[in-house]
Amino acid sequence: MSAVSTPSPTPSSSHVMHTYGRLPIALTHGQGCRVWDTTGKGYLDALGGIAVNTLGHAHPKLVPALCDQVGKMIHSSNYYHVPLQEELAAKLVQLSGMENVFFCSTGLEANEAALKLARKFGQDKGITHPEVVVYEKAFHGRSIATLSATGNPKVHAGFGPLVEGFIRVPLNDVAALEKATAGNPNVVAVFFEAIQGEGGVNPMDADYLRQVRALCDQHDWLLMIDEVQCGMGRTGKWFAHQWAGILPDVMPLAKGLGSGVPIGAVVAGPKAAHIFKPGNHGTTFGGNPLAMRAGVETIRIMEEEGILDNAAKVGEHLRAALVRELGGLKGVKDIRGMGLMIGVDLTVPCSELMSRAADAGLLLSVTAESVIRLVPPLIMSAAEADEVVAILAPLVKQLLAEKGAA
Ligand SMILES: *Cc1c(COP(=O)(O)O)cnc(C)c1O
């Protein structure tokens, strides 16, 4: 493919609204875990479009399937039955052990639907002011309701008044959850990410998950687990909460589900599967044939190629290599995560690592100011994981030395 050199527009000359601080890079194509930009420079992709490109780029089985679908039908309408919705829903029900699925197009929409389910669950029981427990450092999206559920004050700033009906608690603290909800008859749901993504790769402990499940059963609350980022095989199981052996009542999905095609889904268990009635919720694009085909084929290819095992094995290989190279350093607080969702938590802010790594040929991101986040395609090989560490480790050491934190 020829490299076309397109100058990156400055924010003032761009006609795209300036909502992102972008690096001066424009990617044009990819293959597996490698991508190339307009100048022909190549990068190893440890970002995966932010945990989206499950099967990497230009997967040889996904591409022809999507081309086939585009040639048949991209979009029909939810005025009609969509057989591919039935197929993908049945598959998600099988993988999750839950009951049925509502389809949408993004993570925030999946979470918005979950919050509507929680409110209607309460309203149907006569609770006129339902409240949902949410968490510090949580990220659930950028709509007014999902940003209100989000824990980061920077996401709230400038968008008040926030949506009411949220109670915020710290992670992994059952006593705090019990105290915050004690004697409150308005609580209808507990809502969290099994592993917080944007908040800095913060896992909920398996014990905590089991205790919250028990509390939800005891009080008739919905357990709603946002698996938008940590789900779809990223941790080595289909869904991260499965490591704790529990079942949620509501599970929003998105990011990795379509390997890059926009798709969202809310999977519901028996307690939540029949709350919405015709007319209660909907979206034009949700469940369209192209997105559904992407979901069906992503899961089919993952099963055929043993991608869950790969995520678990290569994830562990990557984590171990990071611990070997960086684990002993004074400026490295923690290296955590599961499977191919890994955070390297530094004692100093490190946002400059994103551009320095890109210069060195590696795509990654920094969240929560000081956490290097690695969420590569789940097809990454052990050799590629070694390459990630070979590029990243010297950059981290150099940064820590510059900041007097080595
Ligand atoms: C990315 C993300 C969202 C929002 O998804 P969008 O598709 O950007 O709306 C919600 N929850 C979690 C956990 C996420 O990581």
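Q: Hi! What classes of residue make up the shell around the ligand?
A: In this predicted model, the shell has three nonpolar, five polar and three charged residues.

Q: Nice. Which residues are they?
A: The ligand is surrounded by Thr106, Gly107, Leu108, Asn111, Phe139, His140, Glu193, Asp226, Val228, Gln229 and Lys255.

Q: Which element gives the largest share of that shell?
A: Helix 4, which spans residues 107–124, does: three residues of the shell come from there.

Q: And where do polar side chains or backbone atoms come up to the ligand?
A: Take Gln229 to begin with: a polar atom of the Gln229 side chain lies 2.7 Å from an oxygen atom of the ligand. Phe139 takes part through its backbone, with an N or O atom 3.3 Å from a nitrogen atom of the ligand. Asn111 uses its side chain, where an N or O atom is 3.5 Å from a nitrogen atom of the ligand.

Q: How much of the ligand does the protein cover?
A: On its own the ligand has 380 Å² of accessible area, and the protein covers 83% of that.

Q: OK, changing topic to the sheets. What is the order of the strands in the open sheet of four?
A: The order is 1-2-3-15, and the pairing is mixed.

Q: Which strands stand at the edges there?
A: Strand 1 (27–31) and strand 15 (362–363) do. Each has a single partner strand, so one side of each is left without a neighbour in the sheet.

Q: What about strands 2 and 3, parallel or antiparallel?
A: Strand 2 (residues 34–37) pairs with strand 3 (residues 42–45) in the antiparallel sense, over three bridges. If you want a spot to look at, find Val35: its bridge partner in strand 3 is Tyr43.

Q: What holds strands together like that, in general?
A: Strands of a sheet pair through backbone hydrogen bonds, and they can do so either parallel or antiparallel.

Q: Let's jump to strand 5. Why is it described as largely enclosed?
A: Strand 5 covers residues 131–135, and four of its five residues are buried, so the strand is largely enclosed by the rest of the structure.

Q: Which strands does strand 5 run parallel to?
A: One is strand 7 (residues 187–193), joined to strand 5 by three bridges. Another is strand 6, joined to strand 5 by four bridges.

Q: Which residues could I click on to see those pairings?
A: For strand 7, try Val132, whose bridge partner there is Ala189. For strand 6, try Tyr135, which has Val169 as its bridge partner.

Q: Anything unusual in the backbone?
A: Some background helps: most residues other than glycine have a negative phi, and most peptide bonds are trans. Here, Gly160 and Pro161 are joined by a cis peptide bond with an omega of about -5°. Pro161 sits in the loop between helix 6 (153–156) and strand 6 (166–169).

Q: And which residues have a positive phi without being glycine?
A: Met232 is one of them, with a phi of about 55°, and Ser259 is another, at about 50°.

Q: Where do I find those two?
A: Met232 is in the loop between strand 10 (222–226) and strand 11 (250–253). Ser259 is in the loop between strand 11 and strand 12 (264–268).

Q: Is Met232 buried or exposed, and what about Ser259?
A: Met232 is buried, as its relative accessible area is 3%. Ser259 is buried too, with a value of 8%.

Q: Back to helix 6. What does the side chain of His156 do?
A: His156 is found in helix 6. A polar atom of its side chain lies 2.9 Å from the backbone oxygen of Leu147. With a relative accessible area of 17%, His156 is under the 20% limit and therefore counts as buried.

Q: What else is His156 in contact with?
A: Setting aside neighbours within four places in sequence, its contacts are Leu147, Ser148, Thr150, Gly151, Leu162 and Arg168.

Q: Last one: what is going on around Arg293?
A: Arg293 lies in helix 9 (residues 289–304) and is buried, with a relative accessible area of 13%. Its side chain joins that of Gln69 in a polar contact of 3.0 Å. Leaving aside neighbours within four places in sequence, Arg293 is in contact with Ala65, Asp68, Gln69 and Leu84.

Key: Residues numbered from 1 in each chain as written. Predicted model: local features only at pLDDT ≥ 70, side-chain atom pairs only at ≥ 80, totals over all residues. Heavy atoms only, no water. Near = heavy atom within 4 Å. Polar contact = N/O pair within 3.5 Å; in protein donor to acceptor, adjacent residues only side chain to side chain. Areas by Shrake-Rupley, 256 points an atom, 1.4 Å probe, with all protein chains shown as cover. Nonpolar A, V, L, I, M, F, W, Y, C, P; charged D, E, K, R; others polar. Buried < 20%, exposed > 50% of the residue type's maximum accessible area, 1.4 Å probe, protein only. Pairing = 2+ DSSP bridges. Contact = heavy atoms within 4.5 Å.
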